[in-house]
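Here are my notes on the model you sent, set out as numbered points. Please read them with the structure open beside the text.

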Amino acid sequence: MTEAKSGEVAMMDIDVEVLDNRPVGKDLYSLRLLAPQIAKTGRAGQFLNLACSQGSAPLLRRPFSLHLLDPAEGTVSLLYKVVGEGTKLLTELRPGEHTRALGPLGRGFPVTGLADRGGPLATGGTAILVAGGVGLAPMAQLAVDLRQFQAGTTTVLLVGARTSADLPDLDLFRRCGVAHIAVATEDGTAGTEGFVTDILTAALEGRLEGWPTVSPAVAFVCGPRPMLAAVQRLARSHGVEGYLSLEAEMACGIGACLGCVVETISGYRRVCKDGPVFGLSEVIFGGSRR
Amino acid sequence: MRLDTATNIGGIALKNPVLVASGTFGFGREYSELFDLDLLGGVIVKGTTYEARQGNPPPRIVETPSGLLNAIGLQNPGVKAVVEEELPFLGQFDTAVIVNVSGHSSDEYLRVVAYLTEANERSGLRLLDGLEVNISCPNVDEGGIAFGTDPEIAYGLARRLRDVTDLPLIFKLTPNVTRVVEIASACQQGGADALSLINTLTGMVIDIDTQQPYLGNTIGGLSGPAVRPVALKMVWDVAAACDLPIIGMGGISTASDAVQFLLAGASAVAVGTALFRDPLAAVRVREGIEQYCLERGIASLRDLVGAANPGISVPEE
């Protein structure tokens with residue numbers, strides 16, 4: 001094993017035991033794995049590549065954000081949505097069963113040392129976590145890391161979903177250190193009726209009831225690409241900087257195959273290795289078919 | 001019993017018969033964080049062109065039944081950067097280094113091969129052990145027909161490259177042809193030292209939501225277990241018709257897959273797409289081949305090569 005560049009801890013491919021795998025919303029599952037090495041070294045925004053089947057169908061592993069790490073217990077929790085064959089098979093894993101996980105992978109949210117580099121969090125600003133759907137996954141560990149490494153920062157969470165059934169219990173995020181949570185659903189069954197960008201606009205303009213002022217702020221965003229693009233535009237018009245985490249279909253997951261690239265202001269970059277977290281203004285959306 | 005796993009591919013000595021296939025392993029850096037590359041017989045690096053290439057627009061990959069369709073588009077940093085930054089890294093390991101050469105014109109292949117040959121001579125060290133020439137690329141001088149689909153064009157390319165290098169030349173054949181044996185023979189006549197087969201099968205996927213082709217490049221190349229029987233049959237046919245040593249590849253995921261290719265007549269095998277499912281797949285394939293031999297009292301890997309194929313006489317060492 002060699003130490004990866006920029007102080008990242010080396011990834012490893014390990015056998016993991018399933019401790020718990022249960023539904024927490026509509027087509028939404030929480031999977032807890034015994035994976036002490038990853039629990040110890042993983043950071044918010046990083047991911048692991050998990051084998052969903054024993055055979056060759058589906059062929060590829062699936063990438064999942066680290067949802068919540070417990071280094072003391074040696075456990076890694078994932079929050080995943082059933083979207084296809086791989087995640088469907090994943091729901092069938094029972095406690096005591098084993099699979100393979102490669103991780104921790106990618107560059108996570110740059111939480112440690114963020115204040116040292118200046119910017120809003122150096123002066124007691126607000127960390128605004130913005131999640132769309134299962135883009136909630138990395139936000140729990142991110143809140144934990146912010147609490148640990150950015151004392152003095154207030155963390156707030158804005159969540160968008162289609163309907164209330166798509167949301168897990170958000171109390172978890174409060175326990176992770178989130179001070180305020182606002183929800184938007186497209187059908188109005190929870191929180192405000194509308195999109196997450198609607199409540200983000202309200203928060204940035206100080207119009208969100210019961211909320212403190214959130215400026216100066218750094219945004220941490222994860223969700224589907226149209227939502228990321230919308231948040232990017234909104235952040236730009238409000239002069240807010242931050243980071244976003246991308247989802248992509250991946251093959252190797254470690255930067256070798258160049259299959260998961262995304263267009264950025266500095267050319268094609270690998271989501272798995274150069275990301276999945278990029279600067280909020282770095283990614284160019286709309287340049288390709290998806 | 002001591003098992004002899006050494007093999008030779010057109011002048012490239014391999015300590016064991018398991019390589020990793022071009023395009024699935026980058027230049028080895030990422031996988032070297034997961035296992036010791038000394039365990040491999042060799043590394044075939046990412047397709048290298050003369051100038052840097054940014055590759056195709058995403059999406060570049062899509063999973064298919066037991067397979068993977070890709071259209072990366074030869075993204076690579078160009079031969080100069082490969083020589084200066086990538087090959088010295090691989091030189092640390094006790095494994096054969098084979099550079100995959102790609103181009104869109106005969107001249108481009110020539111320039112890459114000449115550059116690599118000269119760099120290797122100049123280095124005074126072993127910078128690379130051989131060249132794998134990807135002839136599945138479209139030839140812009142011939143209206144976009146792939147070099148590897150026309151025996152005369154393949155022969156002409158082999159002749160030109162043979163004139164500028166003494167490095168072992170492996171021609172990687174495309175399966176997207178009617179008679180692969182004719183292409184193999186043409187490469188041999190042109191001066192190739194060995195063959196790799198197969199490259200990916202062309203294919204596509206259409207997204208029924210957007211009603212558009214899924215891949216940014218519209219078409220891609222299919223790899224993975226889905227193509228394995230096709231690859232095996234092509235190795236079988238070419239081994240029977242042509243004397244050149246063969247690196248068999250196409251969907252090899254396990255030792256039993258690999259042994260089939262050896263029995264069909266391949267002298268070595270390459271593991272590719274299987275690495276995406278199991279990053280240590282090549283190491284496991286190697287161990288499994290050794291176990292297979294030991295369990296059956298096979299003393300030398302060479303005794304396996306072509307053993308199932310009545311069409312070939314195994315070349316004497």
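**Notes on the two chains**

1. Helix H9 of chain B, residues 281–295, lies across E3 and E16 of chain B, and its direction runs at about 170° to that of E3(B). Please keep in mind throughout that this is a predicted model, and that each value below is computed from it.

2. The strands under this helix belong to a barrel in chain B, which 8 strands close in the order E3-E4-E7-E8-E9-E10-E15-E16, with parallel pairing. From one strand to the next, the twist averages 25°. As general background, strands of a sheet pair through backbone hydrogen bonds, in either a parallel or an antiparallel sense.

3. Strand E16 of chain B (residues 268–271) can be followed on both sides. Strand E3 of chain B, residues 18–20, is joined to E16(B) by 3 bridges and runs parallel to it, with B:Val18 standing opposite B:Val269. Strand E15 of chain B, residues 246–249, is likewise joined to E16(B) by 3 bridges in the parallel sense, and here B:Ile247 has B:Ala268 as its bridge partner in E16(B). Between E15(B) and E16(B) the chain passes through helix H7 of chain B (residues 255–264), giving a β-α-β crossover that is right-handed.

4. Which way do the residues of E16(B) point, and are they buried or exposed? B:Ala268 and B:Ala270 point one way from the strand, whereas B:Val269 and B:Val271 point the other way, and all of them are buried. In general, side chains of a regular strand alternate between the two faces of the sheet.

5. Moving along the barrel, strand E10 of chain B (residues 194–197) pairs with E15(B) in the parallel sense over 3 bridges, and B:Ser196 is the residue opposite B:Ile247. Helix H6 of chain B, residues 228–241, packs on the sheet at this place, where it touches E10 and E15 of chain B, and its direction makes about 165° with that of E15(B).

6. Chain B also has an open sheet of 4 strands, ordered E5-E6-E14-E11, in which the pairing is antiparallel. Its edge strands, each pairing on one side only, are E5 and strand E11 (201–203) of chain B. Neighbouring strands in this sheet are turned by 35° against each other on average, with direction ignored. E11(B) and strand E14 of chain B (residues 220–223) pair in the antiparallel sense over 3 bridges, and B:Gly220 in E14(B) is the bridge partner of B:Gly203.

7. Where the chains meet, 36 residues of chain B are in contact with 30 residues of chain A. On the chain B side, helix H1 (29–32), strand E5 (61–64), strand E6 (67–70) and helix H8 (274–277) each supply at least two residues. By class, this side of chain B has 16 nonpolar, 15 polar and 5 charged residues.

8. Chain A is divided into domain 1 (5–105) and domain 2 (115–245), and their centres, taken over C-alpha atoms, are separated by 24 Å. Contact between these domains of chain A involves 16 residues of domain 1 and 15 residues of domain 2. Strands E1 (12–25), E5 (68–70) and E6 (75–81) of chain A each supply at least two residues of the domain 1 side, and the largest share, 4 residues, comes from E6(A). That side of domain 1 of chain A has 9 nonpolar, 4 polar and 3 charged residues.

Key:
Residues are numbered from 1 along each chain as its sequence is written. Chains are lettered from A and ligands numbered from 1 in the order in which they are written. This is a predicted model: local features need pLDDT of at least 70, side-chain atom pairs count only at pLDDT 80 or more; totals for chains, interfaces and linings use all residues. Two residues are in contact if their C-beta atoms, placed from the backbone, lie within 7 Å. Ala, Val, Leu, Ile, Met, Phe, Trp, Tyr, Cys and Pro count as nonpolar, Asp, Glu, Lys and Arg as charged, and the others, Gly among them, as polar. Two strands pair if DSSP finds at least two bridges between them. Axes are lines fitted to C-alpha atoms, for helices over the stretch in contact, and angles run from 0 to 180 degrees between N-to-C directions. Domain bounds come from an automatic or database domain assignment. A residue is buried if 20 or more other C-beta atoms lie within 10 Å of its own, exposed if 12 or fewer, and partly exposed in between; C-beta atoms are placed from the backbone. A crossover is right-handed if, with the strands pointing away from the viewer, the path from the first strand over the helix to the second runs clockwise.
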